[in-house]
Amino acid sequence: MTSITSESTVSPRVGSPVLEVDRLVKDYPIRAGLLRREVGRVSAVADISFSVHKGKTLSLVGESGCGKTTTGRCILRLIEPTSGEVRFAGTDVMKASGKELRALRRSMQIVYQDPYASLNPRLTVGSILADPLKVHGRWHDGGSERICRLLERVGLDPKHVNRYPHEFSGGQRQRIGIARALTLDPDLIVLDEPVSALDVSIRAGVVNLLEELQVELDLAYVFIAHDLGVVRHVSDEVAVMYLGKIVEIGPSDAVYDHASHPYTQALLSAVPVPDPKVERERRRILLEGDVPSPVDPPSGCRFRTRCWKAQQICAEEEPALIDRGQGHPVACHFADEALPVS
Amino acid sequence: MTPLEPRGPVIAEGSPLGSLVTLPGAGGEVSETVTVHRSQWELFRRRFMRHRMALISIGVLVLLFVLCFGADIFAPYEATRTGVPQDLLLGPVGPSGAHWFGTDELGRDVLSRILYAGQISLKIGLAVALLSTLVGTVVGAVAGYMGRAVDQGLMRLTDLFLIVPQIAILAIALRVFGYKDITVILVLAGVFWMYEARVVRGQILSLKEKEFIEAARASGASSTRIVVKHLLPNVIGPIMVNATLSVALAIITESTLSFLGFGVQPPKTSWGNMLSNAAGYVGTPRAYLLYFPGLAILLTVLAVNYLGDGLRDAFDPQSSH
């Protein structure tokens with residue numbers, strides 16, 4: 001399939017990224033009336049850019065409705081974006097024809113959040129895993145052998161190929177979902193909250209499996225999550241999203257240790273600390289109000305309606321996502337590591 | 001968690017999953033870990049074979065078919081060009097040794113008539129159910145999956161067929177094309193498919209938003225493959241229920257046609273026809289004329305019903321059977 005990767009595991013990974021997202025926008029029109037006239041637009045993803053390198057993980061974090069999942073779907077073109085570019089290994093995904101897209105989908109896969117909705121209840125595990133191989137004409141090339149190996153690799157008993165999804169637990173189903181994503185030797189996997197629906201006790205197992213697979217197969221991950229603890233554990237880079245925009249992006253340690261956007265700071269302060277003593281004494285930033293409607297996002301900075309630093313300029317001018325001396329890009333006019341005094 | 005078999009180095013070599021596929025030189029080691037991957041069809045058949053009533057029903061249907069279509073051999077009184085022989089002097093008498101199901105007003109053997117009538121009723125009932133289910137499923141699946149303009153177009157067409165008076169269409173079609181079994185089948189299927197189409201469309205509409213369908217799309221599956229392999233097996237329950245109902249409905253509707261003078265004409269007859277002819281005998285000593293054709297219809301519909309149940313359960317791996 002791909003070239004031997006031994007050299008790249010030794011040398012630091014440089015060169016062109018495997019995935020580049022450039023000024024991606026996704027609006028949903030709101031139609032009303034008899035003529036289905038467009039009366040407004042929901043801005044789900046508003047002009048975001050990032051890139052992911054081979055073997056690396058970029059995490060998208062943010063609260064519900066901030067556009068993380070939409071971004072993931074747009075990358076695979078399961079949702080047609082409004083504008084922007086997605087390049088996979090140099091190929092423009094948005095311009096790919098039907099045939100090219102099918103070929104591209106061999107290399108880009110997705111793992112879903114809900115392990116119950118993402119597996120066809122009428123197909124056996126074997127058939128679920130065989131389907132991608134059959135679609136791409138690779139079934140007769142040792143397909144059934146491969147399925148057994150895959151099941152084994154994700155920690156399931158290959159004897160269970162003839163079982164149905166309902167005969168497995170949530171964690172096992174998620175492993176089946178991961179195996180399905182691996183059947184076609186992808187280079188990139190979009191992990192859409194892969195452990196959010198799982199019991200805390202089995203999350204670690206699935207996360208570890210994902211990390212092992214990443215190293216073995218040199219996979220690039222786009223990891224979508226809202227569990228900041230897990231995110232720090234798995235990410236090389238983190239992008240924090242708010243209302244369809246990236247507000248802060250950078251290497252995982254930089255974003256966690258030097259959070260400079262008020263929203264990132266608020267998010268991080270909400271993560272519980274296991275030590276009860278620390279937990280009792282630490283300061284939390286409580287945001288007021290709700291996330292504004294994406295139909296009519298605030299002018300200027302989208303976070304200003306809930307921000308304790310908001311000034312006149314925040315309403316007038318949208319802060320660019322640039323490095324303001326923090327070492328990584330932040331979209332805030334008043335980016336500052338210092339936490340508010342409360 | 002079963003650890004990866006002791007071939008760690010193979011993966012460390014770096015060739016992505018390919019290594020998981022590559023067989024080592026010694027084939028023996030592999031064959032131990034490989035279990036037989038059964039096809040969907042095989043599992044389907046296994047589940048069906050466990051459904052006893054469905055198997056009995058197949059037997060009953062086969063028996064009915066053999067008896068009816070072999071009526072020339074099995075009927076106690078073989079039909080001639082003018083139908084089952086009459087015995088006007090005998091008239092209607094109840095069941096006896098010579099006439100198991102009795103005789104009708106013209107002294108004809110009811111059992112023989114039921115066997116000959118079954119040729120028409122079975123053919124029409126099953127063919128109409130099959131054809132209308134097929135058309136309805138295709139229309140419903142295409143409308144539901146494609147959505148937008150295609151959906152609108154197909155559903156308005158369905159509505160159109162639903163509001164036009166069916167008996168009128170049937171009568172006109174038979175007037176124009178003349179009575180033939182095939183005409184009746186086509187016309188009845190033409191007025192039955194809409195119910196199936198609406199049920200299937202509704203189911204597909206909700207199912208296609210499920211993540212496993214998106215996953216199939218993400219793996220590069222074509223629309224046809226998604227509909228046939230991933231969507232329809234999940235809709236088989238409602239499809240079967242509807243198909244079963246339309247068998248009975250077709251047999252009965254055919255008799256309405258005959259009653260109006262557009263259907264089967266004497267001396268030929270059908271079960272529905274015999275039933276409606278005997279309708280006036282309710283509560284009289286001749287009610288047996290009503291029972292036997294009714295029983296024949298009941299038996300057929302029940303058998304088809306259980307057969308449908310069996311098929312539905314065989315498609316559903318979560319069924320208790």
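## Chain B at a glance

In chain B, 40% of the 321 residues count as buried. Keep in mind that this is a predicted model. The secondary structure of chain B is easy to summarise: 15 helices and zero strands. If you take the contacts in chain B between residues at least 6 apart in sequence, 68% of them join residues at least 24 apart.

## Two helices against α10 of chain B

Helix α10 of chain B, residues 181-207, is a good place to look at helix packing, and helix α8 of chain B (residues 148-163) is one of its partners. The two pack at an angle of about 140°, and their axes are 9 Å apart. Roughly antiparallel would need an angle over 145°, so α8(B) and α10(B) are classed as oblique to each other. The crossing of α8(B) past α10(B) is left-handed. On the α8(B) side the contact involves B:M155, B:T158, B:F161 and B:L162, and on the α10(B) side B:V191, B:M194, B:A197, B:R198 and B:R201. Sorted by type, the residues of this contact come out as six nonpolar, one polar and two charged. As a reminder, an α-helix has 3.6 residues a turn, so residues three or four places apart point the same way.

The other partner to check is helix α7 of chain B, residues 110-146. Its axis and that of α10(B) come within 5 Å and cross at roughly 35°. Here α7(B) passes α10(B) in a right-handed crossing. The contact of α7(B) with α10(B) has 23 nonpolar residues, along with six polar and five charged ones.

## An unusual phi in α8 of chain B

Most residues other than glycine have a negative phi. B:R148 goes the other way, with a positive phi near 45°. This arginine sits in helix α8 of chain B. B:R148 has 8 C-beta neighbours inside 10 Å, so it counts as exposed.

## Chain A overall

Chain A is a mix, with twelve helices and twelve strands. Its radius of gyration is 21 Å against the 20 Å that the globule rule gives for 342 residues, so chain A is as compact as a globular protein of that length. Along the principal axes, the C-alpha atoms of chain A fill a box of roughly 65 × 60 × 45 Å.

As for burial, 44% of the 342 residues of chain A count as buried. Contacts in chain A with a separation of 6 or more are 65% between residues 24 or more positions apart.

## The loop between α6 and β7 of chain A

Two residues to click on here are A:L184 and A:D185. A:L184 is found in the loop between α6 and β7 of chain A, and it is buried because 20 other C-beta atoms lie within 10 Å. Its touching residues, leaving out those up to four places away in sequence, are A:R106, A:Q109, A:P132, A:H136 and, from the other chain, B:S219. A:L184 and A:Q109 are 75 residues apart in sequence, yet their C-alpha atoms are 8.5 Å apart in space.

A:D185 is in the loop between α6 (170-182) and β7 (188-192) of chain A. It is buried, with 20 other C-beta atoms within 10 Å. A:D185 has a positive phi near 55°, in a residue other than glycine.

## Strands and a helix in chain A

A:Y221 lies in strand β8 of chain A, residues 220-225. It has 24 other C-beta atoms within 10 Å, so it is buried. Not counting residues up to four places away in sequence, A:Y221 touches A:T57, A:I189, A:L191 and A:Q214. A:G90 is 131 residues from A:Y221 along the chain, and their C-alpha atoms are separated by 17 Å.

For the opposite case, try A:R37 in strand β2 of chain A, residues 37-52. A:R37 counts as exposed because it has 10 C-beta neighbours inside 10 Å. With residues up to four places away set aside, it touches A:R31 and A:A32.

Helix α5 of chain A (residues 143-153) has a run of buried residues: A:R146, A:I147, A:C148, A:R149, A:L150, A:L151 and A:R153. After α5(A) comes A:G155, with a positive phi near 90°.

Conventions: Residues numbered from 1 in each chain as written. Chains lettered and ligands numbered in written order. Predicted model: local features only at pLDDT ≥ 70, side-chain atom pairs only at ≥ 80, totals over all residues. Axes fitted to C-alpha atoms, helices over the stretch in contact; angles between N-to-C directions. Helix = DSSP H or I, 4+ residues; strand = E, 2+ residues; numbered from the N terminus. Parallel < 35°, antiparallel > 145°, perpendicular 65-115°, else oblique. Left-handed = near helix turned anticlockwise from the far one by under 90°. Contact = placed C-beta atoms within 7 Å. Nonpolar A, V, L, I, M, F, W, Y, C, P; charged D, E, K, R; others polar. Rg over C-alpha atoms; globule rule 2.2 N^0.38 Å. Buried ≥ 20, exposed ≤ 12 C-beta atoms within 10 Å, placed from the backbone.
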